[in-house]
Amino acid sequence: MATTKDIRLKVNGVEYARSVDVRTLLLDFIREELQLTGTHAGCEHGVCGACTVLLNGKSVRSCLLLAAQVDREEVLTVEGLATNGQLSKLQNAFWNHHALQCGFCTPGFLMTAQELINKGEEMGEEDLREALAGNLCRCTGYQTIIEAVLEVLSSKFLSADAESDSIDSTGGSSA
Amino acid sequence: MKPPPFEYFEPTDLEEALQLLREYGDDGVILAGGQSLLPLLNFRLTQPEVLIDINRLESNSSLEVSHIQSTQSELRFGPLTRQRELEVSSLVRKSCPLLSEAARYVGNPTIRNRGTFAGSLAHGDPAGEFPLIATILGAEMLLLSETGSRRLTPEEFFLGHLSTALDGYELLAQIHIPCSEALTGWGFHELDVTPRALVAAAAQVTLDQEGKCSEARLGFAGMGPVPMRARKAETLLEGQRIDKAIILEAAHVAAIQEVDPISDEVASASYRTALAETFLARAIRDAMARLEERH
């Protein structure tokens, strides 16, 4: 007869223990309970991508997950990308390429792109556009977002310290 | 835009899950990938009293819950096989490339990380890619309940728009997909109105030793209340040498006679029909091209 559940989970490397209503969405848990408001509530039915986080390294829609489902799991949000206030390679690329305007879609794009970077597969522009097709942006027209992500994806194959582009569930660079 | 109250169970073994389904089946729903269910809950279009979350279900001697299995003649999927796993599986790409290709169009990559193949079938969206492929390949659906099991064909399983033969106390536990034979070509085309298809067409063509069509499997998503199998068009092709003229004729017959598309604010029935005819012709043409590559 469960309408609440005790959960323990890691978010950006920090362990939390909480009791949640079973119907609480992971999105609202992250924003309201943990006060991590970088993850955004857009459409609340999975199509816009603004709520995307990494769950055990895989991109997921936090609006389509219950907090009760992530007991014992590891979550990475946009707040977990920077290390000691230093923006990640991907975040810097977004800055340099002007890949955000209002910024509402940006955390979702960063998390989806980070999954691709962590995988480290070579990817051309067409494949990248398809891979990011689940994230919607109303401001930029996508071109600068694609350029920013492509820059990081291609540098992964050129740079000697490619390992440091990967960001695991504990947040920040793994290097 | 938040889910209504419900009670929540997380069974870890199959027996427990089936018991819960028997007890709460009338007022309860299964939560697997959740990529179709959560939107319904968030919009409160459905207000089940009970959620049975099967994500912690463990495999046992009688049921593999997630790993894709194969035999000589078929692929087998469990209740938790994720769409993404199916999409990237080299086993699926080799044994059933049509299924592999269709998977790329389901939702988007992030949805596919959680969404399940079984869940997509259980949801029964006639515009869905997986219901279409299951239909034209003659998939077998294994439904389990506490009291027994039954095996259904796609025609028995898909009953209408978002309506399947699954009873509230049953779990779609396994799906068997027959695998391609050597002399088989396939084709798939879709107009993707993310996250679903507007219209999709799929074709699988098998040739005999003389190069004539021995079997054709053709169908549409988004052209009726269930995935539509184009049997008249299939009969037209079977026994014939397939050339451009017969492809166009078959696509025309299928798109005019064997469909029941709606008109809505997205597209008119006539536009959907035009798409269906074009896509089926391309899909059959691609199937023939793939067959030629193999010679």
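In which loop of chain B is B:Glu58 found? B:Glu58 sits in the loop between β3 (50–53) and β4 (69–70) of chain B. Helices (H or I, at least four residues) and strands (E, at least two) are DSSP runs, numbered from the N terminus. The structure is a predicted model, in which local features need pLDDT of at least 70 and side-chain atom pairs count only at pLDDT 80 or more, while totals for chains, interfaces and linings use all residues. Residues are numbered from 1 along each chain as its sequence is written, chains are lettered from A and ligands numbered from 1 in the order in which they are written, and side-chain values use heavy atoms, with hydrogens and water left out.

A good place to start in chain A is strand β1 (residues 4–11). In a regular strand the side chains alternate between the two faces of the sheet. In β1(A), A:Lys5, A:Ile7, A:Leu9 and A:Val11 point to one face and are buried, while A:Thr4, A:Asp6, A:Arg8 and A:Lys10 point to the other and are not. Here buried means under 20% relative accessible area, exposed over 50%, and partly exposed in between (1.4 Å probe, protein chains only).

Next come the neighbours of this strand. Two strands pair if DSSP finds at least two bridges between them. β1(A) runs antiparallel to strand β2 (residues 14–21) of chain A, and eight bridges join them. Among the bridge partners, A:Val11 is matched with A:Val14, and A:Arg8 with A:Ala17. The two strands form a hairpin with two residues between them, and A:Asn12 in the turn has a positive phi of about 55°. β1(A) also pairs with strand β5 (residues 74–76) of chain A, this time in the parallel sense over two bridges; here A:Lys10 stands opposite A:Glu74.

In chain B, five strands form an open, antiparallel sheet in the order β4-β5-β10-β6-β7. Because β4 and β7 (148–152) of chain B stand at the edges with a single partner strand each, one side of each is left without a neighbour in the sheet. Within this sheet, strand β6 (residues 140–145) of chain B is joined to strand β10 (residues 171–178) of chain B by five bridges, and B:Leu143 has B:Leu172 as its bridge partner.

Charged side chains add another layer to the picture. A salt bridge is a side-chain nitrogen of Lys or Arg within 4 Å of a carboxyl oxygen of Asp or Glu, and the count comes to 24 over all chains. One of them links A:Glu33 and A:Arg18 (2.7 Å, N to O). A:Glu33 lies in helix α1 (residues 26–33) of chain A and A:Arg18 in strand β2 of chain A, so the pair ties together parts that are 15 residues apart in sequence. A:Glu33 is partly exposed, at 39% relative accessible area, and A:Arg18 is partly exposed too, at 29%.

In chain B, B:Glu74 and B:Arg76 meet in a salt bridge (3.1 Å, N to O); B:Glu74 is buried at 18%, whereas B:Arg76 counts as partly exposed at 24%. B:Arg150 forms a salt bridge with B:Asp167, the closest N and O atoms being 3.7 Å apart. B:Arg150 lies in strand β7 of chain B and B:Asp167 in the loop between β9 (163–164) and β10 of chain B, so this pair ties together parts that are 17 residues apart in sequence. Salt bridges that share partners also join A:Lys5, A:Glu73, B:Glu10 and B:Arg56 into one network.
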